[in-house]
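Colleague: I should be grateful for a close look at one part of this model. Please concentrate on the charged side chains and on how they pair.

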Amino acid sequence: MDRTFSRIKTQSLNRLDLSKKGSVDEDIEHVVSLLNSCEQFFTTSSCSGRIILIDGAAGSSDAHKQNCVWLFVSHQKCTCDDLMSGLSRSCGDAVLKFEPFVLHVQCRRLEDAQLLAVRSTHGLEVPLSRHGKLLVDEDYIQFLTQTANQKMEENLRRVQRFFQNLQSAVLAERQQIPDSPGTQEHQDSQHTHKKGRRGGQGSNKQNQLNVYKLRHQHETDGCHGYGASSLPELDDCLDLFT
């Protein structure tokens with residue numbers, strides 16, 4: 001299992017980045033680097049958070065990005081003029097969205113996945129035009145601009161808190177489980193031949209589980225990615241933040 005995971009991790013991280021931007025967002029690069037430096041994780045896509053204005057087909061309830069025109073997108077704060085400029089090009093049903101940061105992560109084991117189980121409702125989605133006609137006045141666009149920017153600021157604070165807590169959790173795990181995975185088979189073999197160790201394995205598992213108590217709340221959509229993350233050989237590995 002460990003060898004298979006390591007091999008597919010290497011293959012995944014060596015793939016071409018197929019996102020529109022083609023690279024990891026700067027504000028989340030340190031988080032992605034930390035995860036990929038851990039032998040039990042690797043990222044398949046990520047986004048630091050974004051403010052987007054999309055134009056869907058008039059009368060359609062489908063606002064997925066593959067079926068719409070992107071009028072504006074930013075991974076930083078925006079201005080009212082940015083949004084008004086984008087809205088001037090709307091021909092359909094324009095929607096303003098704020099999407100918080102997202103990480104799609106493959107994990108080696110269920111215990112590793114528990115360390116990262118995170119969801120949130122820190123988002124924003126507001127319809128602004130219908131059939132290309134603006135439904136609100138500029139004062140409301142100004143208000144939405146301030147709201148979206150406040151959410152972006154909070155989002156970046158959450159990114160940093162997540163990074164710090166992840167660092168602490170990874171460090172705690174390494175301190176509690178100093179042996180490398182390569183020695184696990186040897187330890188298991190010793191366990192089957194030695195007496196007087198009954199219950200030791202359960203105790204070790206409990207020590208591991210004590211590490212996996214980190215809980216946060218985030219849920220978002222991805223920007224940076226390595227392509228399809230369907231890996232049939234990793235049935236025991238989990239995609240998170242979906």
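Modeller: I begin with R108, which at 8% relative accessibility counts as buried. As the model is a predicted one, what follows describes computed geometry. The side chain of R108 meets that of D2 in a salt bridge, with an N to O distance of 3.7 Å. R108 lies in the loop between β5 (102–107) and α4 (110–115), whereas D2 belongs to helix α1 (residues 2–13), so the pair ties together parts that are 106 residues apart in sequence. The D2 end of this pair is partly exposed, at 32% relative accessibility.

The neighbouring pair is formed by R109 and D112, whose closest N and O atoms are 2.9 Å apart. Here R109 is partly exposed, with a relative accessible area of 26%, while D112 is buried at 0% relative accessibility. The two pairs belong to one arrangement: D2, E39, R108, R109 and D112 are linked in a network of salt bridges. In general terms, side chains of opposite charge can pair when their charged atoms come close. The structure as a whole holds eleven salt bridges.

Another of these pairs lies in helix α5, which spans residues 138–176. E154 forms a salt bridge with R158, the closest N and O atoms being 3.1 Å apart. Both residues lie in helix α5, four residues apart, or about one turn of the helix. With a relative accessible area of 19%, E154 is buried; R158, at 21%, is partly exposed. The two residues receive separate labels because buried means under 20% relative accessible area.

Helix α5 also contains E138, a residue that takes part in a negative surface patch together with D81, D137 and D139. E138 is partly exposed, with a relative accessible area of 46%. Members of such a patch have no salt bridge, so E138 stands in contrast to E154, which is paired with R158.

A residue elsewhere in helix α5 completes the view: V170 is found in this helix and, at 2% relative accessibility, counts as buried. The C-alpha atoms of V170 and L34 are separated by 9.4 Å, although the two residues are 136 residues apart along the chain.

To return to the starting point, R108 is buried, its salt bridge partner is D2, and both belong to the network that includes R109 and D112.

Conventions: Residues are numbered from 1 along each chain as its sequence is written. This is a predicted model: local features need pLDDT of at least 70, side-chain atom pairs count only at pLDDT 80 or more; totals for chains, interfaces and linings use all residues. Side-chain values use heavy atoms; hydrogens and water are left out. Patches are made of residues with over 30% relative accessible area and no salt bridge: like charges are joined within 9 Å, nonpolar side chains (Val, Leu, Ile, Met, Phe, Trp, Tyr) within 5 Å. Accessible areas come from the Shrake-Rupley method with a 1.4 Å probe; for residues, only the protein chains shown count as cover. A salt bridge is a side-chain nitrogen of Lys or Arg within 4 Å of a carboxyl oxygen of Asp or Glu. Lys and Arg count as positive and Asp and Glu as negative; His and the chain ends are not counted. The place of a charge is taken as NZ of Lys, CZ of Arg, CG of Asp or CD of Glu. Helices (H or I, at least four residues) and strands (E, at least two) are DSSP runs, numbered from the N terminus. Buried means under 20% relative accessible area, exposed over 50%, partly exposed in between (1.4 Å probe, protein chains only).
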